[in-house]
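Q: Could you pick one part of this model and walk me through it slowly? I'd like to see how it sits in the rest of the chain.

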Amino acid sequence: MADWLHKLSLGLKKSSDKITLGLSDIFTKQKPDEQILEELEEVLLTADIGVQASAKIMRNFATRRLDKNTDMASIKKILAEEIAAILVPCEKELQITKPQNTPFVILMTGVNGAGKTTTIGKLAARLKNNYQISFIAGDTFRAAAVEQLEEWGKRNHIRVYKGENGCDSAGLCFDGLQEAIKQKDDIVFIDTAGRLQNKTGLMDELKKIIRVIRKVIPEAPHASLLTIDATTGQNALSQIQLFKEAADIDGLIITKLDGTAKGGIIVAMAQEQTLPIYYIGVGEQIDDLDRFSAQDYAKQLLESNL
Ligand SMILES: Nc1nc2c(ncn2[C@@H]2O[C@H](COP(=O)(O)OP(=O)(O)O)[C@@H](O)[C@H]2O)c(=O)[nH]1
Ligand SMILES: [Mg+2]
């Protein structure tokens, strides 16, 4: 198996084991069709696939011939097809353009601990061979946050623009962008803070950052990315709504899909909103990030090959 597929499979093992266990439970006992369908829906729900997506899958399922003689492998195959169909609209490539005379600005948002800083480091590692990159340490609340970004900068040989501890984040972004223009950077990643005193504080801060960076580059941010921790479960959906309002989100990055049994959450996200999922993270290491593939994901979610 290719390296990434292996990682994805390993990461989703808990999720797929859970589904497999639920399915074998259904099919080892003699049950009427109707009950099979009901229990199947139950399995999808416990895998965090969500009410809407589960109902949709079951509607399509009901039109197929299904009984206790249908084997698990074929059930899984049908489920994987149905899930892939829900995921496909979210599979899109993050297009990095070359704006005239300015860098391509990527704003990274998300709640505290979602994986923003780590994802910036991983993404930069994928892009650094083709682009001149810099980081702006916009999470000015904790010294540790700046150090963490600097660590990723060091590893990738990427310049980090930082300010005094506790300085105004928007002001820092303003200065950092001007520096990036001067240095003729191709891409600038802006890291942001995820925890402020309250929700309104966080959203106001993000709006301010966007207002201020537009004074330097009117079209910025060229990509506004929301990082979501998959282990958050269904709460992820309300995070998307919240950040969409404040930061005009263009797409998502879902992290921590390794070792969680909540791998189905991506299906719920794809069913209930239309933002692209650009990348997924399955670990803390530099190469534990890759583009989101609907087919691969659906397949590994149903069937761990390990
Ligand atoms: N297992 C796992 N851990 C991750 C992943 N992405 C980030 N992390 C870890 O999650 C923690 C928080 O990440 P961080 O980038 O600091 O989040 P931030 O607060 O949003 O910047 C760190 O310990 C990361 O190593 C992932 O895909 N899988
Ligand atoms: Mg951070």
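A: Let's zoom in on one helix and then step back to its surroundings. First, some ground rules: this is a predicted model, where local features need pLDDT of at least 70, side-chain atom pairs count only at pLDDT 80 or more, and totals for chains, interfaces and linings use all residues. Residues are numbered from 1 along each chain as its sequence is written, while chains are lettered from A and ligands numbered from 1 in the order in which they are written.

Our pick is helix 7, residues 143-156. Helices here are DSSP runs of H or I with at least four residues, strands are runs of E with at least two, and both are numbered from the N terminus. Helix 7 has 14 residues and reaches 20 Å from its first C-alpha to its last, close to the 20 Å expected at 1.5 Å a residue (that's 1.5 Å times one less than the number of residues).

Which of its residues are buried? They're Ala145, Val146, Leu149, Trp152, Gly153 and Asn156. These six cover an arc of only 120° around the axis, so they sit on the same side of helix 7. (The arc is that of the directions from the helix axis to the C-beta atoms.) To be called buried, a residue needs 20 or more other C-beta atoms within 10 Å of its own; 12 or fewer makes it exposed, anything in between is partly exposed, and C-beta atoms are placed from the backbone. As for the pattern, an α-helix has 3.6 residues a turn, so residues three or four places apart point the same way.

Now flip to the face turned away from the buried side: there you'll find exposed Ala143, Ala144, Glu147, Lys154 and Arg155.

What do the buried residues of helix 7 pack against? Their partners are helix 6, strand 2 (133-137), strand 3 (159-161) and strand 4 (187-191), where a contact means C-beta atoms, placed from the backbone, within 7 Å. One of those partners, helix 6 (residues 116-127), gives the most to the shell around ligand 1, with 3 residues. To be in that shell, a residue's C-beta atom, placed from the backbone, must lie within 6 Å of the ligand.

Right after helix 7 comes His157, with a positive phi near 55°. Most residues other than glycine have a negative phi.

Stepping back, the chain has 12 helices and 8 strands, and buried residues make up 45% of its 306 residues.

Note on methods
Two residues are in contact if their C-beta atoms, placed from the backbone, lie within 7 Å.
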